[in-house]
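User: Please take a close look at one part of this model for me: the contact between its chains. Then tell me about the helices around it, in short sentences.

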Amino acid sequence: MRLKNSDHIPRSYEQMADKDLVHLFRRKDDQLAFRELMNRHQAKIYSYIFSMIQNRETANDIFQETFTKVITKMDDTYNEQGKWIAWVMRIAHNATIDHIRKQKRFVDVKGSYDKESKTDFYERLPDEDSIGQQEKLELEESTSSLLKHISNLPEEQRTVVMLRHYYEMPFKEIAELTDVSINTALGRMRYALINLRKMFDEEHEKESNSV
Amino acid sequence: MSDKNIRSVAYLYNEMDPSEKVEFERDLKVDENLLIEVETLRKVSRKLQDMDTIQPPDDVVNSVLRSLESRKSAGSRRSQKFVYFSAAAVLMLGLTVGFILSGEGEIDMPGQPESESASIGTFQNVVPASMGNANSTSETDKLMPWVDHNDVLHFRDGLYGSDASSVDSIFRQSFQKLTPITNPSQSPTARQNLHLTGSQR
């Protein structure tokens with residue numbers, strides 16, 4: 001699916017390479033060029049963020065944050081040397097990882113009785129099962145089984161799979177982006193493929209049992 | 001994780017040098033387990049090729065496009081400001097140059113050599129109204145133009161304070177110490193000894 005107002009984008013833009021569109025946007029402030037770039041890559045970028053975060057609202061925020069940064073930084077930070085999409089993916093990846101790290105770091109340490117809510121620390125702990133169920137429902141509604149399986153992979157493996165299969169990013173770049181050695185990136189990919197195979201087998205087994 | 005396992009992924013995703021690839025394919029022919037591993041991984045990897053994508057909601061895309069629009073208007077505001085500041089800078093530069101050029105030639109001291117009248121011209125430009133009053137007094141009427149050894153009169157900004165009368169008196173006292181030069185080109189020692197400075201001592 002393309003942007004709603006993609007009808008206004010001339011056909012010639014669709015045939016242009018990313019780097020030419022980027023050049024048009026940067027030098028001539030051609031907004032149609034940027035819209036075409038968005039048309040091409042928005043689904044993959046959003047899918048990457050969503051598969052990593054597994055929450056639609058947060059994915060929306062991070063997607064918006066990513067493109068706002070892209071728009072503001074394209075004039076000064078981007079040097080047109082590497083692939084534009086790899087640069088955008090780096091921004092999306094960093095925003096996603098920042099969010100995941102913040103989530104991991106967030107712990108409510110206030111153990112005392114809260115007068116306002118009239119509850120203690122343990123009562124205020126979120127019900128993890130209910131959150132899990134809600135997110136699972138969200139995923140089931142909006143994604144294919146393949147994407148669901150990928151979202152069940154550990155974060156490191158998921159990142160490698162998404163970057164490789166959505167963006168055909170070389171393992172060298174994946175290693176740089178995720179700040180690991182190339183062998184670690186290759187190893188994570190291998191484990192991801194093995195884990196996915198197990199998930200496919202289990203799914204297949206379930207289906208055959210139900211029949 | 002063994003090197004073979006990592007190599008199997010590198011081979012699968014075509015991330016090997018041609019020489020490494022040849023070597024790995026040779027290994028595949030003799031190592032059945034390695035062949036099974038590669039084919040299993042290949043099967044899963046092929047499934048991933050069919051991975052679909054999720055479109056972002058329209059309102060999110062539209063808000064990004066709105067920020068794109070606002071960037072454009074901010075950019076045009078920036079360029080407008082740039083034009084205004086450039087015009088102001090050119091105007092200021094023009095006024096300054098005009099002021100300097102109009103100042104030149106105002107002084108026309110009869111009987112003075114060209115080099116001296118030029119230095120006196122500078123003197124006239126920098127001296128404020130209070131100094132002009134000093135020039136109109138009887139002492140200054142007697143005063144002949146003089147120059148130092150560099151053909152320049154030196155004044156300090158400290159002289160031009162708000163107290164005009166005290167400045168005038170300092171100048172008058174200073175002028176009394178001066179010796180008129182009758183023939184500037186023939187008295188280099190006298191020129192070296194005469195300096196009009198801004199010191200109040």
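Analyst: Here is the contact, followed by the helices.

The model is predicted, so to speak of local features takes pLDDT of at least 70 and side-chain atom pairs need 80 or more, while totals for chains, interfaces and linings use all residues; side-chain values use heavy atoms, without hydrogens or water. Residues count from 1 along each chain as its sequence is written, with chains lettered from A and ligands numbered from 1 in written order.

Start with the totals. Chain B puts 36 residues into the contact, and chain A puts in 49. Contact here means heavy atoms within 4.5 Å. The area buried between chain B and chain A is about 4,000 Å². This is accessible area (1.4 Å probe) lost on joining, summed over both parts. Carbon and sulfur atoms give 68% of that area. On the chain B side, B:Met51, B:Ile54 and B:Arg71 lose the most area to chain A. Together they make up 18% of what that side buries.

Now the charges. Three salt bridges link chain B and chain A. Each needs a side-chain nitrogen of Lys or Arg within 4 Å of a carboxyl oxygen of Asp or Glu. B:Glu37 and A:Arg190 form a salt bridge through their side chains, at 2.5 Å from N to O. Over all chains, the whole structure holds eight salt bridges.

A:Arg190 also belongs to a helix pair. Helix H11 of chain A (residues 182-210) packs on helix H1 of chain B (residues 3-12). Helices are DSSP runs (H or I, at least four residues), numbered from the N terminus. The angle is about 85°, and the axes lie 9 Å apart. Axes are fitted to C-alpha atoms over the stretch in contact, and angles between N-to-C directions run from 0 to 180 degrees. H11(A) is therefore roughly perpendicular to H1(B), a label for 65 to 115 degrees. From H11(A) come A:Asn183, A:Leu186, A:Met189, A:Arg190 and A:Leu193. They meet B:Asn5, B:Ile6, B:Ser8, B:Val9, B:Ala10 and B:Leu12 of H1(B). Seven residues of this contact are nonpolar, three polar and one charged. Nonpolar covers Ala, Val, Leu, Ile, Met, Phe, Trp, Tyr, Cys and Pro; charged covers Asp, Glu, Lys and Arg; the others, Gly among them, are polar.

Next, a pair within chain B. Helix H2 (residues 18-30) of chain B and helix H3 (residues 32-49) of chain B pack at about 110°, with axes 5 Å apart. H2(B) and H3(B) are therefore roughly perpendicular to each other too. H2(B) brings B:Phe24, B:Asp27, B:Leu28 and B:Val30 to the contact. H3(B) brings B:Glu32, B:Leu34, B:Leu35 and B:Val38. The contact of H2(B) with H3(B) has six nonpolar residues, two charged and no polar ones.

Last, a salt bridge inside chain A. The side chains of A:Lys69 and A:Glu65 pair at 3.5 Å, N to O. A:Lys69 and A:Glu65 are four residues apart in helix H4 (residues 56-73) of chain A, so about one helical turn separates them.

Key:
Helices (H or I, at least four residues) and strands (E, at least two) are DSSP runs, numbered from the N terminus. Angles under 35 degrees count as roughly parallel, over 145 as roughly antiparallel, 65 to 115 as roughly perpendicular and the rest as oblique. Buried area is the accessible area (1.4 Å probe) that two parts lose on being put together, summed over both.
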